[in-house]
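This report concerns the buried side chains and aromatic rings of one protein chain. Please consult the sequence and the structure shown below while reading.

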Amino acid sequence: MPLIEWKGEFELGIASVDHEHRELIGLINELHAQLNADATPELVGAFLGEIYARISAHFALEETVMRDMRYDRLAPHKADHENLLEDIRDIMDAYDSGAYVDYENVLSDQLSAWFSRHFKTEDARLHHFIAARESGTA
């Protein structure tokens, strides 16, 4: 069973961003499945690096879209992105030092909670902004 189920409410209406949202959720679900299958330390380390790189690239795309649209909530949205990246860096550092042991529960729970909250708050606001702009009401 996937950690995060895709929902239509996650879509912003921008094909490139929506595609990356789907890919990121797929990658997180793959990591979750690997952790449940007792993945090797090398595989977990590689997945953490891949998740960090892909999320960073996605956030850069999303922030460029928001900047181009002159989105009025760019700063708090970007700050939320930075908080997740910092959390992932902390997990990677702890993993590299051998201090992090409960990858399955903590990482999976943390990513699932962050994405669920972010989609329902920051991305939902952005979606409404885009829809209003496209309809001419913004």
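Tyr71 and Phe129 are both buried in this predicted model. Phe59 and Trp114 are likewise buried.

A search of the whole structure yields four aromatic pairs. In general, the distance of the centres and the angle of the planes describe a pair of aromatic rings. Two of the pairs are set out in the table.

| Aromatic pair | Centre to centre | Angle between planes | Arrangement |
|---|---|---|---|
| Phe59 and Trp114 | 5.7 Å | 50° | tilted |
| Tyr71 and Phe129 | 4.9 Å | 65° | edge-to-face |

Each pair links distant parts of the chain. Phe59 belongs to helix H2 and Trp114 to helix H4, 55 residues apart. Tyr71 lies in the loop between H2 and H3, whereas Phe129 is in helix H5 (residues 122-135), a separation of 58 residues. Phe59 and Trp114 also join Phe115 and Phe119 in one aromatic cluster.

The largest nonpolar core comprises 23 residues, of which Ile51, Ile55, Leu84, Leu111 and Phe115 touch the most other members. Helix H1 (15-36), helix H2 (41-68), helix H3 (74-97) and helix H4 (103-120) are the elements that each contribute two or more residues to this core. A second, separate core contains eleven residues, among them Leu12, Ile14, Val17 and Val65.

Which residues does Phe115 contact, leaving aside its neighbours within four places in sequence? They are Ile4, Ile28, Ile55 and Leu84. Phe115 is thus a member of the aromatic cluster and one of the residues that touch the most other members of the largest nonpolar core.

Notes:
Residues numbered from 1 in each chain as written. Predicted model: local features only at pLDDT ≥ 70, side-chain atom pairs only at ≥ 80, totals over all residues. Heavy atoms only, no water. Core = buried A, V, L, I, M, F, W, Y, C linked by side-chain atoms within 4.5 Å. Buried < 20%, exposed > 50% of the residue type's maximum accessible area, 1.4 Å probe, protein only. Helix = DSSP H or I, 4+ residues; strand = E, 2+ residues; numbered from the N terminus. Contact = heavy atoms within 4.5 Å. Phe/Tyr/Trp six-rings, centres within 6.5 Å; stacked < 30°, edge-to-face > 60°.
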